[in-house]
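Biologist: Please show me the chain, and then I will ask about it piece by piece.

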Amino acid sequence: MKEALLLFAEKGYVDTSTKIIAQKAGVSEALIFKHFGNKDNLLSHLIKSGYRRVLQHHRGMMIYRDAKSFLRNMINLPKELVNEDPLFWKLQERLSHHEFSRQQHELFIKPVYPAIRRAFLELGYEDPELEAQLLLHIIEILWKKEANGDLSRSAELARILEAKYSIAT
């Protein structure tokens, strides 16, 4: 699984064969098929496992305690996630067009939207729905840029967002 994650993240899903995965992992290709059936099932397993790890390690950040701390956590979540599991997020970024990958990401993010909306509502924003959509789009861009190594000043961007929403510590 480690080799598959590395290869899918670096070379892409289409350009990575089960033969190459088996060679890099030092196992037979038949063993991959025995455990996963096919390359699609291997990818699905990697994606589901990645999101399970995220939920286990970051559950505390995603719990709503109060509006300001929740928004602060959401702004800092992309950097935290990518720093903890860079290959998984690079894989997710590369596969953002892939149906299963996109569905899993939407399931992951689905409970976050109402909580962000609630935070903006509690903070008295004029259009909490629109603010929630905007912040989620920004978060989406941040984790994708972070995963690709294209974000050199993420801490400064987080401070700007915290200041914009008056939630700086």
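What follows is a set of questions and answers on this predicted model.

Biologist: How many helices and how many strands does the protein have?

Modeller: The elements run α-α-α-α-α-α-α-α-α-α from the N terminus on. The C-alpha atoms fill a box of roughly 60 × 30 × 25 Å along the principal axes. The count comes to 10 helices and zero strands.

Biologist: What percentage of the residues in the protein is buried?

Modeller: A residue counts as buried when its relative accessible area is under 20%. The accessible surface of the protein is about 9500 Å², and 53% of that belongs to carbon and sulfur atoms. Of the 169 residues, the buried part is 43%.

Biologist: Where does UniProt place the feature "DNA-binding region"?

Modeller: The unreviewed UniProt entry gives "domain: HTH tetR-type" at residues 1-54. That stretch is 78% helix and 0% strand in the model, with end C-alpha atoms 17 Å apart. For residues 17-36, the model has 80% helix and 0% strand, and the end C-alpha atoms are 14 Å apart. The unreviewed entry places the "DNA-binding region" at residues 17-36.

Biologist: Which helix gives the most to the largest nonpolar core?

Modeller: The largest nonpolar core has 50 residues. Among those with the most contacts inside this core are Phe8, Leu42, Met74 and Trp89. The helix that gives the most, with eight residues, spans residues 67-84 and is H5.

Biologist: Which residues does Leu135 touch, not counting residues up to four places away in sequence?

Modeller: Leu135 is one of the residues with the most contacts inside the largest nonpolar core, and Ile116 is another. With sequence neighbours up to four places away left out, Leu135 touches Leu71, Ile75, Ile116, Phe120 and Tyr165.

Biologist: Why are the buried residues of H8 on the same side of the helix?

Modeller: Helix H8 covers residues 112-122, and its buried residues are Val112, Ala115, Ile116, Ala119 and Phe120. An α-helix has 3.6 residues a turn, so residues three or four places apart point the same way. The buried residues of H8 are on the same side because they cover an arc around the axis of only 140°.

Biologist: Which helices do the buried residues of H8 pack against?

Modeller: The buried residues to place are Val112, Ala115, Ile116, Ala119 and Phe120. Just after H8, Gly124 takes a positive phi of about 80°. The helices that the buried residues of H8 pack against are H5, H7 (99-109) and H9 (128-148).

Biologist: What arc do the buried residues of H7 cover around the axis?

Modeller: The buried residues of H7 are Phe100, Ser101, Gln104, His105 and Phe108. Their cover includes H4, H5, H6 (86-94), H8 and H9. These buried residues lie on the same side of H7, because their arc is only 135°.

Biologist: Is His58 buried or exposed?

Modeller: His58 lies in helix H4, which spans residues 39-58. Apart from residues up to four places away in sequence, His58 touches Leu77, Glu80, Leu81 and Glu84. A polar contact of 3.3 Å joins the side chains of His58 and Glu84. Because its relative accessibility is 5%, His58 counts as buried.

Biologist: Is Leu136 buried or exposed?

Modeller: Leu136 is found in helix H9. Leaving out residues up to four places away in sequence, Leu136 touches Ile109, Val112, Tyr113 and Ile116. Its relative accessibility is 16%, so Leu136 counts as buried.

Biologist: How many Å separate the C-alpha atoms of Lys68 and Pro78?

Modeller: Lys68 has its place in helix H5, and at 39% relative accessibility Lys68 counts as partly exposed. Beyond its neighbours within four places in sequence, Lys68 is in contact with Leu123, Ser166 and Ile167. Lys68 and Pro78 are 10 residues apart in sequence, and the C-alpha to C-alpha distance is 17 Å.

Biologist: Among contacts with a separation of 6 or more, what percentage comes from residues 24 or more positions apart?

Modeller: One pair at such a separation in sequence is Leu135 and Leu71, which touch. Across the protein, among contacts with a separation of 6 or more, the part from residues 24 or more positions apart is 63%.

Terms used:
Residues numbered from 1 in each chain as written. Predicted model: local features only at pLDDT ≥ 70, side-chain atom pairs only at ≥ 80, totals over all residues. Heavy atoms only, no water. Core = buried A, V, L, I, M, F, W, Y, C linked by side-chain atoms within 4.5 Å. Buried < 20%, exposed > 50% of the residue type's maximum accessible area, 1.4 Å probe, protein only. Helix = DSSP H or I, 4+ residues; strand = E, 2+ residues; numbered from the N terminus. Contact = heavy atoms within 4.5 Å. UniProt positions renumbered as here; feature names shortened; annotations may be inferred. Arc of directions from axis to C-beta. Areas by Shrake-Rupley, 256 points an atom, 1.4 Å probe, with all protein chains shown as cover. Polar contact = N/O pair within 3.5 Å; in protein donor to acceptor, adjacent residues only side chain to side chain.
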